[in-house]
Amino acid sequence: MKWQDYISTDPTVCHGRACITGTRVMVTVILDSLAEGLEAEEIVAHYPSVPREGVQAALLYAAELAKERVVPLGA
């Protein structure tokens, strides 16, 4: 799967934040939902415009971002 097929940015949609393509559902909303313990099926039920693959793409996108930046975790 290519996350780029499911995630896009547009300066006129959600202030240019990364969203599931064709929706106004931001990737951060998907990731926050997963972090709170929701299953992909529950997220899709809450946001019917988001395909199941969109949830997976959000995780892949986040993983890609994590590879590009080091965040100090403390000593």
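This passage walks through the fold, the core, the helix packing, the salt bridges and the loops of a predicted model.

Starting with the overall layout, the protein has three helices and two strands. Read from the N terminus, these elements come in the order β-β-α-α-α. The C-alpha trace spans about 40 × 30 × 25 Å along its principal axes. Of the 75 residues in the protein, 27% are buried. As for how the chain folds back on itself, 39% of the contacts between residues at least 6 apart in sequence join residues at least 24 apart.

Next comes the inside of the protein. In soluble globular proteins, nonpolar side chains tend to be buried together. Here the largest nonpolar core has 14 residues, and the members touching the most other members are Ile7, Ile20, Val27, Ile30, Val50, Val55 and Tyr61. Helices H1, H2 and H3 are the elements that give two or more residues to this core. H3 supplies the largest share, namely four residues. Valine 55 is a handy residue to click on when looking at the core. Setting aside neighbours within four places in sequence, valine 55 is in contact with Ile30, Leu34, Ala40, Ile43, Val44 and Val50.

Helix H1 covers residues 27–35, and within this helix Val27, Ile30 and Ser33 are buried. These three cover an arc of only 130 degrees around the axis, which puts them on the same side of H1. The spacing fits a general rule of helix geometry: an α-helix has 3.6 residues a turn, so residues three or four places apart point the same way. The buried residues of H1 pack against both strands, E1 (7–8) and E2 (19–20), and against both of the other helices, H2 (40–46) and H3 (52–68).

The pairing of H1 with H3 can be described further. Two packed helices are described by the angle between their axes and the distance between the axes. For H1 and H3, the angle is about 95 degrees and the axes are 9 Å apart. An angle from 65 to 115 degrees counts as roughly perpendicular, and H1 and H3 are therefore roughly perpendicular to each other. On the H1 side, the contact is made by Val27, Ile30, Leu31 and Leu34; on the H3 side, by Val55, Ala58, Leu59, Tyr61 and Ala62. Some of these names have come up before: Val27, Ile30, Val55 and Tyr61 are also among the core residues that touch the most other members.

Turning to charged side chains, a search of the whole structure finds two salt bridges. One of them joins arginine 52 to glutamate 41, with an N to O distance of 3.5 Å. Arginine 52 sits in helix H3 and glutamate 41 in helix H2, so this pair ties together parts that are eleven residues apart in sequence. Arginine 52 itself is partly exposed, with a relative accessible area of 41%. The other bridge pairs lysine 67 with glutamate 64 at 3.8 Å, N to O. Both lysine 67 and glutamate 64 belong to helix H3, where they are three residues apart, or about one turn of the helix. Lysine 67 is exposed, at 63% relative accessible area, while glutamate 64 counts as partly exposed at 32%.

The loops hold a few backbone details worth a look. Most residues other than glycine have a negative phi, and most peptide bonds are trans. Cysteine 14 is not a glycine, yet its phi is positive, about 50 degrees. Histidine 15 also has a positive phi, near 55 degrees, and is likewise a residue other than glycine. Cysteine 14 lies in the loop between E1 and E2, and so does histidine 15. Their surroundings are another matter: cysteine 14 counts as buried at 17% relative accessibility, whereas histidine 15 is exposed at 81%.

After H1 comes glycine 37, which has a positive phi near 105 degrees. Glutamate 36 is found in the loop between H1 and H2. This glutamate 36 is exposed, with a relative accessible area of 66%. Computed along the chain, glutamate 36 and glutamate 53 are 17 residues apart, and in space their C-alpha atoms are 19 Å apart.

Technical notes: Residues numbered from 1 in each chain as written. Predicted model: local features only at pLDDT ≥ 70, side-chain atom pairs only at ≥ 80, totals over all residues. Heavy atoms only, no water. Buried < 20%, exposed > 50% of the residue type's maximum accessible area, 1.4 Å probe, protein only. Arc of directions from axis to C-beta. Contact = heavy atoms within 4.5 Å. Salt bridge = Lys/Arg side-chain N within 4 Å of Asp/Glu carboxyl O. Core = buried A, V, L, I, M, F, W, Y, C linked by side-chain atoms within 4.5 Å. Axes fitted to C-alpha atoms, helices over the stretch in contact; angles between N-to-C directions. Parallel < 35°, antiparallel > 145°, perpendicular 65-115°, else oblique.
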